[in-house]
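Dear colleague,

Please find the structure below, handed over for your own inspection. The findings follow directly after it.

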Amino acid sequence: MDSKNVPKSRYGHSVVLFGDKIYMYGGVLENESVSSELWALDLSSKDWENIKVRSEPCNTTGGNGTLLCGKYAI
């Protein structure tokens with residue numbers, strides 16, 4: 001695993017397994033800032049990818065959930 005391209009430690013994030021990847025969104029970072037990053041971990045290669053999203057950040061954490069409907073995450 002490339003240690004240069006890994007997400008920072010966080011809590012309060014959403015995680016979902018879809019296909020052969022684990023997707024992680026948001027959370028609160030160690031400096032207490034709220035993240036709007038989307039990361040994907042490829043389970044085959046063990047490589048992380050920071051996915052650039054064109055949307056406004058969601059400033060809520062905790063008590064969240066993810067629903068996959070076809071190719072869309074709601």
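Which residues of β5 are buried on one side, and which on the other? On one side they are Leu38, Ala40 and Asp42, and on the other Trp39 and Leu41, so that both faces of this strand are covered. Please bear in mind throughout that the model is predicted.

The burial of β5

Strand β5 comprises residues 38-42, and five of its five residues are buried, so the strand is largely enclosed by the rest of the structure. In a regular strand the side chains alternate between the two faces of the sheet. For the protein as a whole, 22% of the 74 residues count as buried.

The overall fold

The protein contains eight strands and zero helices. Its pattern along the sequence is accordingly β-β-β-β-β-β-β-β. Of the contacts between residues at least 6 apart in sequence, 33% join residues at least 24 apart. The protein exposes about 5,500 Å², and 54% of that area is supplied by carbon and sulfur atoms.

The four-stranded sheet

Four strands form an open sheet in the order β2-β3-β5-β6, and their pairing is antiparallel. At the edges stand β2 (14-18) and β6 (47-51), each of which pairs on one side only. From one strand to the next, the twist averages 20°.

The individual pairings, taken in the order of the sheet, are as follows:

- β2 pairs with β3 (residues 21-25) in the antiparallel sense over five bridges. Here serine 14 has tyrosine 25 of β3 as its bridge partner.
- β3 pairs with β5, again antiparallel, over five bridges. Methionine 24 has tryptophan 39 of β5 as its bridge partner.
- β5 pairs with β6 in the antiparallel sense, also over five bridges. Aspartate 42 stands opposite aspartate 47 in β6.

The last of these pairs, β5 and β6, forms a hairpin with four residues between the strands. Within the turn, lysine 46 has a positive phi of about 65°.

Arginine 10

I would also draw your attention to a residue of strand β1 (residues 10-11), namely arginine 10. Is arginine 10 buried or exposed? Its relative accessible area is 13%, and because the cut-off for burial is under 20%, arginine 10 counts as buried.

What does the side chain of arginine 10 make a polar contact with? Its partner is the side chain of serine 35, at 3.2 Å. In addition, a polar atom of the arginine 10 side chain lies 3.1 Å from the backbone oxygen of lysine 8. Beyond its neighbours within four places in sequence, arginine 10 is in contact with Met24, Gly26, Val28, Leu29, Ser35, Glu37 and Trp39. Two of these residues have already appeared above, for methionine 24 and tryptophan 39 are bridge partners.

The loop between β4 and β5

Valine 34 belongs to the loop that links β4 (28-29) to β5. With a relative accessible area of 40%, valine 34 is partly exposed, whereas arginine 10 is buried. The C-alpha atom of valine 34 is separated by 9.4 Å from that of glycine 12, and the two residues are 22 residues apart along the chain.

In viewing the model, you may wish to begin with β5, whose residues are buried on both sides, and then turn to arginine 10 and its polar contact with serine 35.

With kind regards

How values were computed
Residues are numbered from 1 along each chain as its sequence is written. This is a predicted model: local features need pLDDT of at least 70, side-chain atom pairs count only at pLDDT 80 or more; totals for chains, interfaces and linings use all residues. Side-chain values use heavy atoms; hydrogens and water are left out. Helices (H or I, at least four residues) and strands (E, at least two) are DSSP runs, numbered from the N terminus. Buried means under 20% relative accessible area, exposed over 50%, partly exposed in between (1.4 Å probe, protein chains only). Contact means heavy atoms within 4.5 Å. Accessible areas come from the Shrake-Rupley method with a 1.4 Å probe; for residues, only the protein chains shown count as cover. A polar contact is a pair of N or O atoms within 3.5 Å; within protein, one must be able to donate a hydrogen and the other to accept it, and residues adjacent in sequence count only if both atoms are side-chain atoms. Two strands pair if DSSP finds at least two bridges between them. Axes are lines fitted to C-alpha atoms, for helices over the stretch in contact, and angles run from 0 to 180 degrees between N-to-C directions.
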